[in-house]
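Let's take a walk through a protein model and see how its strands sit side by side. Keep the picture open while you read.

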Amino acid sequence: MAWTKILAANTLSPGAREVVKVGNRNILVLNHENQLYAVENTCPHLKLPLKSGKIENGAIVCSFHRSAFDLNTGEVKTWCPWPPGVGKLLSMVSQQKNLPVFPLRVEDGNILIDVPE
């Protein structure tokens with residue numbers, strides 16, 4: 001594993017979010033209820049940003065089409081249910097895909113992440 005220092009741990013208070021660039025990826029790092037998570041900042045459906053997505057039942061929900069992904073595993077919980085009626089058609093634009101998640105840890109007051117090249 002190639003751990004990369006991305007942020008000072010004290011910059012992410014509960015509820016805070018930050019997008020960091022690691023290699024060629026934009027990673028959303030967030031603190032939800034004092035637990036840190038790192039996920040791709042791009043929804044696998046139409047490649048729209050996830051930074052403003054709500055957290056519901058342990059999942060991040062895309063603000064645009066409401067696809068939901070488990071914060072721990074990236075598994076799809078809901079695939080493109082919005083807008084009603086049209087969501088089903090939009091879900092066919094892109095096959096269901098998991099959201100990439102990345103391991104992270106706190107060491108010496110810094111958040112480190114492992115992102116494959």
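Here is a short tour of two sheets and one ring contact.

Keep in mind that this is a predicted model. Start with the open sheet of three strands, whose order is S1-S10-S9 and whose pairing is antiparallel. Strands S1 (3–8) and S9 (104–107) are the edge strands, so called because each of them pairs on one side only. On average, neighbouring strands in this sheet are turned by 35° against each other, if you ignore direction.

Now zoom in on S9 and strand S10 (residues 110–114), which pair in the antiparallel sense over four bridges. One residue to look for is Arg105, whose bridge partner in S10 is Leu112. What does Arg105 lie over? It's the face of Trp3, with Arg105 at 4.2 Å from the ring centre. As for rings pairing with rings, a search of the whole structure turns up zero aromatic pairs.

Next comes an open sheet of four strands, in the order S5-S6-S7-S8, again with antiparallel pairing. Its edges are strand S5 (54–56) and strand S8 (76–78), and each of these pairs on one side only. From one strand to the next, the twist averages 35°. Strand S7 (residues 68–70) pairs with S8 in the antiparallel sense, over two bridges. If you want a spot to find there, look for Ala68, which stands opposite Thr78 in S8.

Here are the two strand pairs with their matched residues:

| Strand pair | Bridges | Residues facing each other |
|---|---|---|
| S9 and S10 | four bridges | Arg105 and Leu112 |
| S7 and S8 | two bridges | Ala68 and Thr78 |

How values were computed. Residues are numbered from 1 along each chain as its sequence is written. This is a predicted model: local features need pLDDT of at least 70, side-chain atom pairs count only at pLDDT 80 or more; totals for chains, interfaces and linings use all residues. Side-chain values use heavy atoms; hydrogens and water are left out. Axes are lines fitted to C-alpha atoms, for helices over the stretch in contact, and angles run from 0 to 180 degrees between N-to-C directions. Rings of Phe, Tyr and Trp (its six-membered ring) pair if their centres lie within 6.5 Å; planes under 30 degrees apart count as stacked, over 60 as edge-to-face and the rest as tilted. A charge sits over a ring if NZ of Lys or CZ of Arg is within 6 Å of the ring centre and within 35 degrees of the ring normal.
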